[in-house]
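Visitor: I am new to this structure and would like to be led through it by questions. Could you show it to me before we begin?

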Amino acid sequence: MSQLPVIIGFGGVNAAGRSSGFQSFRRTVLNSLDNEQQAQTLVSLACMMGLLTEQAGQWITSDGESLDLNAAADRVRSQVLDNTLIRKTHPDLFDVDAIPANARLTIKPDQEAISFTLRPRQMPETTPDNWQVETLENGQYQITITGSFEALIPDGREAGVKASAQMPTGFDPGKFYRSVHHPRGLQMAVFAASDMLGSTGLDWDAVKDTLRPDQMAVYAGNSIGQLDQFGWGGLLQNFVNGKRATSKQMPLGYGQMPADFINAYVLGSVGSTAGHLGACASFLYNLQAAVTDIRLGRRRLAVVGTSDAPITPEIIEGFRVMGALADDASLMALDALEKLVDADYQKACRPFAENCGFTMAEGAQYLMLTDDTLALELGAQIFGSVPEVFVNADGFKKSISAPGIGNYVTLAKSAALVRSVLGEESLRQRSYVHAHGTSTPKNRVTESHVLNEVAKAFSIESWPVAAIKCYVGHSQGTAAGDQTISALGTWAHKMIPGIATTDKIADDVHQSNLEFSQQAIDLAERPMDTAFINAKGFGGNNATGVIFSPEVTLQMLAKKHGQAAISAWEDKVQQQKARAAEYQAEVDAGRFSVVYHFGDREVLEGPELQMTDSKLHIPGYAQDVSLELDNPFADMS
């Protein structure tokens, strides 16, 4: 019997805020919300950013003033708007006006020689040929240099790219748990996975007891690895900067750590695990692994995620010299400006308009999926389902960075699947696309052609297109995760985010069968059954994920399991909704309780296990691992 992978929880963080409770989605459609929802969104973000605290239903400012919801929202509105979404990079990450660097000098002394003293630990391991070294009585060394020599001196350079989409200013995911020496991407991963658990409303230990240990999986990673000072970035910089490598930089830099950390410190999972990497399509690669496992019955529950923290001077410079980013010079030329102000940085990303490059972002997104039977048994909330993810490469290429044909295959097959499952009318009238929409001149042409050609082939007259990178930038491997979370928000709030920074669609964009809107598209009278999550990744890593709405998902489950099973689920799910609402009230007030088990759970190394030829018992797990496996090659043996 087929199993439909059902989304029962989600969590994360990006430039728009926290994922659970649809906070980040609401930030992207803020102007389309009613006054109460706007106030709740602004105040919850302000609490996340440390601008407000909550006491007995009142909101307390940093100077101790007590305000009601609406007054608090008015007080913090400008600060929240200016310090979320795309904006000028805040010095919390690095100073874009004075990036630490070194200048290499060739020094030719005016006199015959120069002399100075050094402490023993400052001495180079290899003494230069033109150095004369004398040991002094105090243990230091007298150095005399004759002739010219090279030296590095500290320097500060102005960044060519100053816009980015970092997490809300003032929010530090690492301060909510013991995050000493953890790279920023892993701090975000722990926070995001914890947020996912809270959103489910389920008791995770009770969920684990319903499964065999090998019936769950975690598939998570990122596209670049951890390249800040606590990961591989610091490791590679240390020798050049005269510092020592630490024991954590090498292991914590690996790209699969967003899975390893969740297994070891959040879930305690011993099930299947992997970190699938596919450039901008990495989230969908990991989602495909989970969907395949669940559909085939290999796993009953899977956690999927990515976490990327690429806003570092080095990564940004690498993409800038490729011509991929919206740098300051290009933005000024695009708008005929002599100087950029904060408002200009906020509209740096303009998908499908006249544009000049993408905007670097950071983000972490995690989903929990189960098979449809387990979702009903648990009484889990149902936020949608994922019938399939299609992945295709580009074939032969002249340039590894150039677009190719793979995305035509992934999107066309996705559309064909929806037609097969839900029918032609549903595909044509009740589906929309979350475009990759990077805001590069090449993407606006190539991706719009893919979308438009598929729409024409399937007789879709006006296919709505969302492009949320205009709000949250390009978080590399997490980009499709941002799009997926936005899709879940669309079904909760009945609107598709508009492409707010795009005043006019560029003349070279293909749009005969597409619908682009600067304003949010109201779905109150226009329900959507399906969202297509599209990714066109560097190197030919193309993927399209198909997400069914909660309503469609429940209709499919009712047809399979019967109305009695749905009624029983409806009774049980109220408990999860109530617990999830309690969680949301706490995190909306800025009271984050991040799950991080280090030293508070039994660590197993092997001798504690009990094994027979039919089962393996792991202490702390209610069910055993079965060793009674069927022969998968019965027709060959």
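Visitor: In which strand is Lys615 found?
Guide: This is a predicted model, and the place of Lys615 is read from that model as part of a strand covering residues 615-617. The strand that holds Lys615 is β26.

Visitor: Is Lys615 buried, partly exposed or exposed?
Guide: The relative accessibility of Lys615 is 41%, and the class between buried and exposed runs from 20% to 50%. Lys615 therefore counts as partly exposed.

Visitor: What distance separates the C-alpha atoms of Lys615 and Ser626?
Guide: Leaving out residues up to four places away in sequence, Lys615 touches Gln610, Asp624, Val625 and Leu627. Ser626 stands 11 residues from Lys615 along the chain, and the separation of their C-alpha atoms is 4.6 Å.

Visitor: How far apart in space are Ala558 and Met636?
Guide: Ala558 belongs to helix α19, which covers residues 550-561, and with a relative accessible area of 23% it is partly exposed. Not counting residues up to four places away in sequence, Ala558 touches Gln563 and Ile566. Met636 is 78 residues from Ala558 in sequence, and from C-alpha to C-alpha the two are apart by 39 Å.

Visitor: Which residue offers the backbone oxygen that the side chain of Thr501 reaches?
Guide: Thr501 is found in the loop between β20 (495-496) and β21 (514-515), and at 15% relative accessibility it counts as buried. Once its neighbours within four places in sequence are set aside, the contacts of Thr501 include Gln346, Lys347, Arg350, Pro351 and Cys470. The backbone oxygen that its side chain reaches, at 2.5 Å, is that of Cys349.

Visitor: With which side chain does the side chain of Gln365 make a polar contact?
Guide: Gln365 has its place in strand β16, residues 363-370, where it is buried with a relative accessible area of 1%. A polar contact of 3.0 Å joins its side chain to that of Asp482.

Visitor: Why is α4 called oblique to α20?
Guide: Two packed helices are described by the angle and the distance between their axes. The axes of α4 (residues 184-200) and α20 (residues 563-588) come within 6 Å and cross at roughly 135 degrees. Because angles over 145 degrees count as roughly antiparallel and those from 65 to 115 as roughly perpendicular, the crossing of α4 and α20 makes them oblique.

Visitor: How many of the residues in the contact of α4 with α20 are polar?
Guide: On the α4 side the contact is made by Ser194, Asp195, Gly198, Ser199 and Thr200, which meet Gln576, Ala580, Tyr583 and Gln584 in α20. Two of the residues in this contact are nonpolar and one is charged, while the number of polar ones is six.

Visitor: What radius of gyration does the protein have?
Guide: The protein contains 20 helices and 27 strands, and its C-alpha trace spans about 95 × 70 × 65 Å along the principal axes. For 637 residues a compact globule would have a radius of gyration near 26 Å, and the protein agrees with this, having 27 Å.

Visitor: What share of the contacts with a separation of 6 or more joins residues 24 or more positions apart?
Guide: Of the 637 residues of the protein, 53% count as buried. Among contacts with a separation of 6 or more, the share that belongs to residues 24 or more positions apart is 77%.

Definitions and conventions. Residues numbered from 1 in each chain as written. Predicted model: local features only at pLDDT ≥ 70, side-chain atom pairs only at ≥ 80, totals over all residues. Heavy atoms only, no water. Axes fitted to C-alpha atoms, helices over the stretch in contact; angles between N-to-C directions. Helix = DSSP H or I, 4+ residues; strand = E, 2+ residues; numbered from the N terminus. Parallel < 35°, antiparallel > 145°, perpendicular 65-115°, else oblique. Contact = heavy atoms within 4.5 Å. Nonpolar A, V, L, I, M, F, W, Y, C, P; charged D, E, K, R; others polar. Buried < 20%, exposed > 50% of the residue type's maximum accessible area, 1.4 Å probe, protein only. Polar contact = N/O pair within 3.5 Å; in protein donor to acceptor, adjacent residues only side chain to side chain. Rg over C-alpha atoms; globule rule 2.2 N^0.38 Å.
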